[in-house]
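Where do charged side chains pair up in a protein chain? Take a look at the one shown here, then follow its salt bridges step by step.

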Amino acid sequence: MFVVTVTFQIKPDQFEAFLPLMVQNAQASLTTEDGCRQFDVCTDENRPEEVFLYEVYDDEAAFKTHLKTPHFLKFDADVAEMISEKTVKTYKGVVQ
């Protein structure tokens, strides 16, 4: 398995617009990508400016394919101005 975590710092007043786009991207990944196994979006009411994303793919190639899909490219363009910072971490060979 190949795990990806992303922490998004959302600009003030952008959270309500950002979250639906994130969920739509997650749903599209799970329904259209064979290599996408899990896609969770988490928030904390005490830190409303942060959104944490947890993705599980079969392997690194499946993740790289995800980055080229139309739904991801649209999501990435749509949220570009909503994000002040993004931290991506990847973990290879994680057993689930």
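The paragraphs below go through the salt bridges and their surroundings.

This is a predicted model. Searching the whole structure turns up six salt bridges. Three pairs are described here in turn.

Start with D58 and R37. Their side chains form a salt bridge, 2.6 Å from N to O. The two residues come from distant parts of the chain, 21 residues apart. D58 sits in the loop between β3 (50-57) and α2 (60-66), while R37 belongs to strand β2 (residues 36-43). How accessible are they? D58 has 32% relative accessibility, so D58 counts as partly exposed. R37 reaches 46% and also counts as partly exposed.

Move on to E60 and K92. This pair makes a salt bridge too, with the closest N and O atoms 3.1 Å apart. E60 lies in helix α2 and K92 in strand β4 (residues 83-92), so the salt bridge ties together parts that are 32 residues apart in sequence. E60 is partly exposed, at a relative accessible area of 28%. K92 is exposed, at 61%. The pair does not stand alone: E60, K64 and K92 are linked in a network of salt bridges.

Which salt bridge lies within helix α3 (residues 70-79)? K74 and D78 form it, and they are four residues apart there. That spacing means that about one helical turn separates them. Their side chains meet at 2.8 Å, N to O. K74 counts as exposed because its relative accessibility is 53%, over the 50% cut-off. D78, at 32%, counts as partly exposed.

Methods:
Residues are numbered from 1 along each chain as its sequence is written. This is a predicted model: local features need pLDDT of at least 70, side-chain atom pairs count only at pLDDT 80 or more; totals for chains, interfaces and linings use all residues. Side-chain values use heavy atoms; hydrogens and water are left out. A salt bridge is a side-chain nitrogen of Lys or Arg within 4 Å of a carboxyl oxygen of Asp or Glu. Buried means under 20% relative accessible area, exposed over 50%, partly exposed in between (1.4 Å probe, protein chains only).
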